[in-house]
Amino acid sequence: MIGTTDNSIVIDAPAGYVFTRTNDVRGWPELFTEYASVEVLDEEEHAVTFRLTMHPDENGTSWSWVSRREWDPRTRTVRARRVETGPFEFMDIIWTFEELEPDRTRMRWVQHFRMKPDAPVDDEWMTGNINRNSVEQMRIIKERLEARRSTVMGLDDVPSNTRRGGDMRTLLAPSTIGSAFAFGGAMRLGPHERTREHYHPYSEEFLFVTSGEMRVELDGRPTTIGAGQAMLIPRGVRHRVTGGDRESLVVFHLSPLAPRPDLGHVDTEDEPAGAAGSAAPAASAVAQARPGNAGPGNAGAKSGRAGAKTGAKTGPKPRVRETS
């Protein structure tokens with residue numbers, strides 16, 4: 001007999017965001033309530049081997065084991081297995097992330113396992129335990145991920161992008177707070193500093209100057225915009241921003257997102273346009289990256305209490321947890 005469980009939950013966040021956040025195994029202690037620590041033992045482009053350690057149980061025992069995870073960012077599918085099986089003959093897990101809407105995702109966990117003949121619990125007991133715990137941990141993950149989307153972001157919370165001029169900080173984006181339709185932030189320009197000319201094939205851009213003054217060129221036509229003023233840059237219009245006599249700060253917002261990050265903006269100049277500084281458009285295609293579309297999200301699933309342990313095991317029947 002093989003034990004099987006199948007649980008899912010709908011999370012009000014983009015699929016790429018949920019995929020990336022839940023697959024970052026280093027962040028599991030802040031995402032799950034079960035785990036005290038995670039130690040990454042080996043990491044590849046689309047795989048990770050790591051040790052999970054639980055919080056001590058009622059007997060003071062801290063259960064720990066090693067798991068191997070592999071993922072496909074294109075299909076947003078994760079496959080995991082326990083390397084240290086403990087009381088299991090095997091434990092295999094499949095996570096999938098289905099986009100229901102741009103900002104709604106169905107996360108599903110399917111687990112297949114078999115207990116060893118000498119295990120303290122049988123397959124039936126473990127099936128019930130996994131189902132109970134999966135429902136609870138999914139509820140917690142949903143609450144925490146949805147709450148993170150409303151996190152207050154500051155200029156110092158994100159890295160600076162100076163590649164095309166100015167000091168740009170993308171605060172609210174798919175990669176930071178899981179936005180589904182737009183992204184935005186702020187950019188500082190030094191005196192007379194200029195950005196490289198570019199245009200946005202899919203998005204219109206809103207600019208609002210909070211301090212200083214700058215010149216915005218739209219298809220070569222200059223317009224001056226000062227503190228407390230805003231303007232629209234239509235989709236497909238070439239534009240470049242130049243700072244005034246003193247440092248200025250402009251807030252930007254772009255919507256909708258491009259289908260892919262590399263399509264977000266198109267440079268029309270090969271080199272930075274100004275003498276001061278090295279380059280950054282009023283908004284960057286990098287900010288439009290939908291998490292999980294590319295690159296290794298350190299994929300993961302749940303875990304359990306069976307496996308290697310630290311501390312003394314007491315009591316007639318251990319509370320064996322289910323997943324890895």
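**Contacts and aromatic pairs**

User: Which residues does Val251 touch, not counting residues up to four places away in sequence?

Analyst: This is a predicted model, in which local features need pLDDT of at least 70, side-chain atom pairs count only at pLDDT 80 or more, and totals for chains, interfaces and linings use all residues. Residues are numbered from 1 along each chain as its sequence is written, and side-chain values use heavy atoms, with hydrogens and water left out. Contact here means heavy atoms within 4.5 Å. Leaving aside residues up to four places away in sequence, the partners of Val251 are Gly185, Ala186, Phe206, Leu207, Phe208 and Thr210.

User: Is Val251 buried, partly exposed or exposed?

Analyst: Val251 lies in strand E16, residues 248–255; strands are DSSP runs (E, at least two residues) and helices likewise (H or I, at least four), numbered from the N terminus. Buried means under 20% relative accessible area, exposed over 50%, and partly exposed in between (1.4 Å probe, protein chains only). Because its relative accessibility is 34%, Val251 counts as partly exposed.

User: How far apart in space are Val251 and Met187?

Analyst: In sequence, Val251 and Met187 are separated by 64 residues. Their C-alpha to C-alpha distance is 6.5 Å.

User: How many aromatic pairs does a search of the whole structure find?

Analyst: Rings of Phe, Tyr and Trp (its six-membered ring) pair if their centres lie within 6.5 Å; planes under 30 degrees apart count as stacked, over 60 as edge-to-face and the rest as tilted. Searching the whole structure gives a number of aromatic pairs equal to nine.

User: Which parts does the pair of Phe19 and Phe97 tie together?

Analyst: Phe19 and Phe97 are edge-to-face, at 5.3 Å centre to centre and 80 degrees between the planes. Phe19 is buried because its relative accessibility is 0%, and Phe97 is buried because its relative accessible area is 5%. The pair ties together parts that are 78 residues apart in sequence, because Phe19 and Phe97 lie in helix H1 (residues 15–22) and strand E6 (residues 88–101).

User: What cluster do ring pairs form with Trp95?

Analyst: Trp95 and Phe97 form a tilted pair, 5.9 Å centre to centre with 55 degrees between the planes. Both Trp95 and Phe97 are buried. The cluster linked by ring pairs consists of Phe19, Trp95, Phe97 and Trp109.

User: Which ring has the charged end of Arg82 over it?

Analyst: A charge sits over a ring if NZ of Lys or CZ of Arg is within 6 Å of the ring centre and within 35 degrees of the ring normal. For Arg82, the charged end is 4.2 Å from the centre of the ring of Trp65.
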